[in-house]
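Q: Could you walk me through this model, starting with how far to trust it?

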Amino acid sequence: MADPLLIFDALLGVALIALAIAVLVVRDRFAMIVLFIIFGLMTALAWVRLSAPDVALAEAAIGTGLAGALMLKTLHHIRAAPAAPVPVSVGVVFANMGFCAMVFVGLAIAFMATSLEAPGLAPQVAQNIDASGVAHPVTAVLLNFRAYDTLMEVVVLLAAIIAVWMIERGIEQAPARHLGEIYRGFARLALPAIVVIGTYLLWVGAYAPGGAFQGGAALAAVGLLLLLSGLYRPQPAHRPIARLGFVLGIAVFASVALLVASGGRLPFEYPPAHAKTLILLIEGVVTISIAVTLAALFHGREPEAIPVSETRA
Amino acid sequence: MILDILALTLIALGAAFFVAGTIGLLRFPDTLCRLHALTKADGLGMGLTCLGVTLLAGSAGEIARILLIWFFVAASSAICGHLIARHVRRATDTEER
Amino acid sequence: MSSGMIFGLTGLAIFTIGLFGALVMVEPLRRVLALKLCSVGGGFMLVVAAWRAPPEVADPVPHALVITGIVVMISATAVALALIRRLHTLEHDSDD
Amino acid sequence: MTDLPRIDWPTLVVFMPLMGAMLAFVCPRQAAGLGLVAVLSTAAAVAALVLEVLAQGAVVTRLGNWGAPLGIDLRADGLSTLLLAMTAGVGIFVSLGALDSYAPMRADARTRRYFWPLWLLLLTGLNGAFLSTDIFNLYVMLEVIALAAVGLTVLSGRREAVRAGLEYMYASILGALLFLMGVGFVYLELGRLDFAGLIAAEPAPALTAAVALMIAGLLLKSALFPLHFWLPGAHANATAPASALLSGLVVKVSLYIFLRLTQYMPLPDELLVTLMGALGAAAILWGGIQALRAERLKLLVAWSTVVQIGLIFVAFARAGQLGLVESWKAAALLILAHAVAKAAMFLAAGRIKDEVGHDRIRDLDRSHIRPTLAQFTFALSAISLIGLPPSLGFAGKWMLMEGAMAAGYWHWIAVTMIGTLLSVAYFSRVLAGFLRFDRLRTPVGEHQGWALADAAPLILALSALGLGLAAAPILAFMEIGYPFGTTP
């Protein structure tokens with residue numbers, strides 16, 4: 001009677017837990033990051049099993065791919081540091097283990113006591129989706145019903161890039177060696193393909209899994225390829241354009257949200273006749289901003305001119 | 001029905017190659033050997049799996065997309081193999097010096 | 001037993017493993033990864049809350065929330081990693 | 001006149017600083033001017049919102065016109081608007097202080113360029129959090145605030161600041177993720193995330209878990225003992241205006257959300273309320289002792305924040321579970337008092353440090369330069385933090401003790417008394433140094449170090465003192481629109 005897919009689910013669950021533990025206990029830091037990337041991809045698989053393909057796409061592209069790239073870059077930067085500066089005392093470890101085990105048991109009891117059949121907002125979404133301007137429910141929620149959240153999420157990205165530019169300062173280090181001619185050739189081959197895929201993901205978001213975030217992540221991969229292959233080097237003179245790229249999405253999104261309110265409507269209340277156009281416009285600019293911001297987050301520091309005083313010294 | 005069985009056989013065969021590649025990854029002594037096991041076996045496994053899924057696909061569009069996926073995965077795994085091998089060679093070069 | 005139940009418990013386990021890591025780990029990168037584990041655990045809980053036994057379709061609202069959460073988390077990760085890199089540079093420079 | 005479209009103030013209160021932040025980021029050379037304009041216009045929007053709330057009660061904006069469970073509502077009631085006004089007021093004066101603190105001769109161009117966009121994003125997050133009625137939206141706002149706040153913490157780029165900022169970042173993310181897990185449990189049980197859904201909910205195990213997770217996250221973010229470990233380092237090592245914002249405003253958000261949640265999701269039992277109070281009491285004692293031991297002025301002020309947060313939780317727990325319907329007002333009054341006074345104190349401490357050149361408490365009285373006005377400001381804000389009449393701090397403490405007395409909870413009164421004595425002790429360490437003129441004296445000594453820059457903290461300190469006289473109207477204003485759902 002056991003459904004074979006349930007067995008698969010259980011195995012996947014066990015593998016996920018094992019990977020999570022392995023990420024924390026494996027000694028080598030490079031292996032730790034690789035294990036985390038595997039963990040992220042398996043998570044995406046689990047979310048596909050839970051019929052959440054949009055989320056799985058976003059997790060694989062952003063939560064795993066980009067985060068993994070960021071991690072590896074950081075590891076490369078700090079590789080001189082000792083792997084474990086101060087060992088933690090065994091007592092602390094066991095006390096925390098006991099505490100976390102208690103937390104898990106408590107949460108698991110609460111979870112098991114809850115039915116998984118709460119009504120949720122699916123009926124309301126289904127009821128209003130025709131008025132939203134898009135056919136895919138997740139996009140409708142992101143860009144219309146809860147557009148305010150989405151705007152603020154892009155604001156979080158902006159805050160992140162401002163903070164990263166602020167934090168990493170000083171003279172540019174010697175640029176890393178690029179990855180060789182074969183890689184460059186591959187980059188030339190892959191770049192247009194990824195641009196197509198990113199745009200496709202953005203477009204398809206109106207009626208199928210995909211959308212601004214997944215498309216933006218795919219386009220950010222273009223940025224990563226360009227940076228890694230050395231085909232593009234950020235210059236101080238490009239900063240104004242980059243800044244505009246970072247804020248473009250929010251500026252357009254927020255302006256649309258406020259401007260629609262001028263005709264006696266509320267903020268974020270798109271006129272039904274133009275809802276689809278407005279949402280596509282917003283998605284397009286937000287995708288550009290997400291792509292530029294994510295690529296810039298990967299690059300890290302602000303491309304700065306070396307101050308005159310420091311070149312003399 | 002026959003198509004189904006054929007497709008399942010191909011996918012199972014593909015999975016077997018993946019398993020073999022993974023065993024190679026875990027058991028072989030150094031990076032180049034591991035790379036050897038991984039790229040060869042996984043390339044074949046990928047191809048077989050894609051072929052199997054193609055048999056199950058409903059429309060021409062789906063088939064085209066599966067083929068595209070196969071092409072990109074093959075290309076990027078070749079590049080990855082190249083990059084890793086290049087890195088290994090450089091690392092051993094500097095060690096010998 | 002259902003997929004939702006299995007993955008719900010998985011998510012809780014991942015969350016607590018991440019919590020444990022965030023509490024006891026000392027290596028900066030590993031602490032960041034522990035926090036990422038926590039966020040994946042939280043994502044699992046929302047995805048499970050959206051899940052309905054097929055053939056019913058899943059609730060799209062939590063899916064949108066998790067996508068938001070993923071983007072928020074990559075932002076936070078990027079800032080934390082930038083801090084780690086900067087701190088390393090500062091300590092490295094002062095050592096020699 | 002009437003056919004003009006009604007201006008939606010709650011939305012503008014969030015969007016104005018956001019637009020300002022983008023402009024200040026895109027035009028870095030004009031950042032200070034643009035930033036100041038944005039802060040002032042946000043304050044004007046808040047003022048308009050205050051008038052609207054006074055006139056017609058709580059203001060609700062249904063963003064996208066979908067309505068609560070599906071869409072997101074903004075709601076400005078008395079408490080929200082009061083905190084918005086507090087943020088705007090403190091924000092204006094901290095901005096003015098920042099003009100001097102990051103002036104070209106004191107700070108490099110980077111600091112000046114990045115302070116404004118980060119501070120305006122922080123303001124966006126703060127205003128958004130005070131107006132939000134959706135717990136997931138609150139999570140996103142918490143992250144906006146966290147990233148901007150971490151950016152402000154490490155503005156100086158010094159090693160201690162970066163280390164403290166990283167610690168702060170870990171605590172902040174973990175707190176937010178605990179909150180997110182709580183959100184997950186709420187959705188699992190209720191299938192909705194708005195406050196109205198929380199009020200209507202029946203008690204359930206999942207909701208207990210959600211409350212526990214969310215409160216744990218908020219306690220970590222608001223640095224209640226023993227989860228305060230990240231606070232002193234972060235607040236003491238940031239530059240003065242950033243410290244004023246972090247200590248005066250950022251900590252208040254999680255306290256505010258805590259107050260909100262406990263209004264809507266009653267704590268499961270009395271024991272938990274007592275636990276909050278007990279942790280608060282421990283914070284008062286431990287923070288007081290650490291403040292007595294602190295060697296640097298800014299560190300002492302940062303520890304005093306730990307003490308004050310403890311006091312706010314004692315005020316929350318002053319009359320047990322049954323008293324919660326009234327106790328939140330005492331806590332809110334103390335939040336307001338601490339925000340104003342602590343911002344003034346950090347700015348004054350920054351001024352003293354700028355003038356004297358260091359902030360070692362032991363050597364403060366050995367300086368040739370005596371920044372008397374900044375010292376006076378410091379003393380004034382200490383009066384409010386200690387809780388002497390007629391300050392706002394006094395009004396808050398009075399409410400705390402009154403409620404505790406009425407409920408017969410004498411132990412909270414004892415804790416408050418001990419806390420007051422401790423704060424007198426540790427502030428005296430600083431004030432005694434200010435009063436000693438005999439150590440070193442040069443002919444021009446006494447009047448050095450007066451500057452226009454002292455005006456901003458001085459006005460803040462004076463308002464912390466003077467607002468105590470207005471405690472009754474403030475309390476009345478706070479109650480507008482309480483409890484949730486009674487007003488249109």
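The chat below goes through confidence, one helix pair, two domains and one chain contact.

A: This is a predicted model, in which local features need pLDDT of at least 70, side-chain atom pairs count only at pLDDT 80 or more, and totals for chains, interfaces and linings use all residues. Residues are numbered from 1 along each chain as its sequence is written, while chains are lettered from A and ligands numbered from 1 in the order in which they are written.

Q: What is the mean pLDDT of chain A?
A: The mean is 85, and 93% of the residues of chain A reach 70 or more, where pLDDT is the predictor's confidence in each residue, from 0 to 100.

Q: Which elements of chain A have the lowest and the highest mean pLDDT?
A: Helix α12 (residues 308–312) of chain A has the lowest, 41, and helix α7 (residues 147–167) of chain A has the highest, 94; helices here are DSSP runs (H or I, at least four residues), numbered from the N terminus. Over residues 308–313 of chain A pLDDT stays under 50, and the model has two contacts beyond four places in sequence for them, a contact being two residues whose C-beta atoms, placed from the backbone, lie within 7 Å. Where pLDDT is low, the predicted coordinates should not be read in detail.

Q: OK, new topic: at what angle do α1 and α2 of chain A pack?
A: Helix α1 (residues 4–25) and helix α2 (residues 29–49) of chain A pack at about 155°, with their axes 9 Å apart. That makes α1(A) roughly antiparallel to α2(A), a label for angles over 145 degrees, where angles run from 0 to 180 degrees between N-to-C directions and axes are lines fitted to C-alpha atoms over the stretch in contact.

Q: And which residues make that contact?
A: Among them are Leu12(A), Leu16(A) and Leu19(A) of α1(A), and Leu35(A), Phe36(A) and Phe39(A) of α2(A). The residues of this contact divide into 15 nonpolar, one polar and two charged; Ala, Val, Leu, Ile, Met, Phe, Trp, Tyr, Cys and Pro count as nonpolar, Asp, Glu, Lys and Arg as charged, and the others, Gly among them, as polar.

Q: How is chain A divided into domains?
A: Chain A has domain 1 (1–87) and domain 2 (122–313), with bounds from an automatic or database domain assignment, and their C-alpha centres lie 24 Å apart. Their contact takes ten residues from domain 1 of chain A and twelve residues from domain 2 of chain A.

Q: Last one: how many residues do chains C and D give to their contact?
A: Chain C gives 28 residues and chain D gives 22 residues. The largest share of the side of chain C that touches chain D, 16 residues, comes from α3(C).

Methods:
Helices (H or I, at least four residues) and strands (E, at least two) are DSSP runs, numbered from the N terminus. Angles under 35 degrees count as roughly parallel, over 145 as roughly antiparallel, 65 to 115 as roughly perpendicular and the rest as oblique.
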